[in-house]
Amino acid sequence: MKKIFVIIFFFFLVPVFVLAQSGSVVINEIAWMGTATSSADEWVELFNTTNQSIDLTGWKFYEGGGSTLIITLAGSVSANGYYLIERTNDTTISDVTADVFGPFGGSGLSNSGENLVLKNSAGDIIDSINATGGWLFGDNTTKASMERKSDGTWQTNDGVTINGHDAKDNPIIGTPKALNSGSPISAMTTPSGSTSQSTTGGGSVSSGGVTSAIPVLKAEAGSDVVIETGQPIAF
């Protein structure tokens with residue numbers, strides 16, 4: 001009597017979803033003064049400090065310490081990538097595509113300073129900067145942006161390391177979607193005291209203050225195979 005076996009072979013590949021934590025996405029550059037074309041052409045750049053893409057759908061950017069909504073975000077930011085927010089329309093920086101744009105709530109960024117807060121879709125604070133006493137950096141005369149440094153402090157763009165043009169083709173004195181001048185953030189470490197990133201179906205590992213998600217890999221090799229005893233098996 002012949003024996004028949006059913007061999008089931010499977011190995012699925014499923015994505016890993018990173019749940020953002022405090023410091024995973026930071027406010028990286030602020031053009032609170034606008035551009036040479038218009039003081040209303042303000043823009044803000046975010047930076048993803050992790051090695052995983054992060055979905056920003058439903059995230060919100062506030063002023064007033066979180067009381068006044070500036071704009072709701074959409075889309076995602078790539079691993080160690082930039083996310084550009086432009087006020088009003090996508091001509092604020094004419095040759096660099098915005099990730100989201102629209103009229104800023106609260107009548108835009110005040111030149112006297114703001115308390116800015118970035119929250120995820122759950123309402124958790126991911127990053128903030130309190131400059132209610134006045135912007136410490138950035139230049140309203142040269143329209144040089146305020147940039148974040150690798151140690152978390154801020155500086156004024158050096159006027160040499162720049163990227164992009166405004167609505168009238170004047171150079172942007174800043175670095176939208178590019179490395180900041182001086183000592184820029186390239187992969188900031190997770191702030192001390194924060195917890196590891198969570199994943200769906202996996203775990204996380206922290207090394208030197210940088211938290212990385214552990215991927216879960218599975219693959220589909222095909223349907224079940226029916227064979228006779230003693231016969232070779234081909235997968």
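Of the 235 residues in the protein chain of this predicted model, buried residues make up 40%. The accessible surface of the chain comes to about 11600 Å², and carbon and sulfur atoms account for 55% of that area. The secondary structure consists of 18 strands and 0 helices. Among the contacts in the chain with a separation of 6 or more, 60% are between residues 24 or more positions apart.

The largest nonpolar core comprises 34 residues, and those with the most contacts inside it are Val25, Ile27, Ile30, Leu46, Leu73, Ile85 and Leu116. Two or more residues are given to this core by each of the elements β3, β4, β7, β9, β11 and β12, with β3 giving the most, namely 4 residues. The surroundings of Ile27 can be described in further detail: when its neighbours within four places in sequence are left aside, Ile27 is in contact with Val44, Glu45, Leu46, Phe61, Leu116, Asp127, Ser128, Ile129, Arg148 and Trp154.

Phe61, one of the contacts of Ile27, also appears in the pairing of strand β6. This strand, which spans residues 60-63, runs antiparallel to strand β7 (residues 68-72) and is joined to β7 by 4 bridges, and within this pairing Phe61 stands opposite Ile71. The two strands form a hairpin with 4 residues between them, and in the turn Gly64 has a positive phi of about 65°. Strand β6 also pairs with strand β11 (residues 115-119), again in the antiparallel sense, over 3 bridges; here the bridge partner of Phe61 is Leu118. Phe61 therefore has a partner in β7, Ile71, as well as a partner in β11, Leu118. A contact between a charge and a ring is found for Lys119, which lies over the face of Tyr62 at 5.0 Å from the ring centre.

The structure holds 2 aromatic pairs. In one of them, the rings of Trp32 and Trp135 have their centres 5.8 Å apart and their planes at 5°, so the pair is classed as stacked. This pair links distant parts of the chain, since Trp32 belongs to the loop between β3 (25-31) and β4 (43-48), whereas Trp135 belongs to the loop between β12 (125-130) and β13 (146-148), at a separation of 103 residues. Both partners are buried, Trp32 with a relative accessible area of 6% and Trp135 with a relative accessibility of 11%.

The other pair, formed by Phe47 and Tyr82, is tilted, with 5.1 Å from centre to centre and 45° between the planes. Because Phe47 lies in strand β4 and Tyr82 in strand β9 (residues 82-87), the pair ties together parts that are 35 residues apart in sequence. Phe47 counts as buried at 1% relative accessibility; Tyr82, at 19%, also counts as buried, because the class takes in values under 20%.

The loop between β3 and β4, in which Trp32 is found, is also the place of Thr35. With a relative accessibility of 3%, Thr35 counts as buried. Leaving aside neighbours within four places in sequence, the contacts of Thr35 are with Asp41, Trp43, Thr92, Lys143, Asp166 and Ile172.

How values were computed:
Residues are numbered from 1 along each chain as its sequence is written. This is a predicted model: local features need pLDDT of at least 70, side-chain atom pairs count only at pLDDT 80 or more; totals for chains, interfaces and linings use all residues. Side-chain values use heavy atoms; hydrogens and water are left out. Rings of Phe, Tyr and Trp (its six-membered ring) pair if their centres lie within 6.5 Å; planes under 30 degrees apart count as stacked, over 60 as edge-to-face and the rest as tilted. Buried means under 20% relative accessible area, exposed over 50%, partly exposed in between (1.4 Å probe, protein chains only). A charge sits over a ring if NZ of Lys or CZ of Arg is within 6 Å of the ring centre and within 35 degrees of the ring normal. A nonpolar core is a set of buried Ala, Val, Leu, Ile, Met, Phe, Trp, Tyr and Cys residues joined through side-chain atoms within 4.5 Å. Contact means heavy atoms within 4.5 Å. Accessible areas come from the Shrake-Rupley method with a 1.4 Å probe; for residues, only the protein chains shown count as cover.
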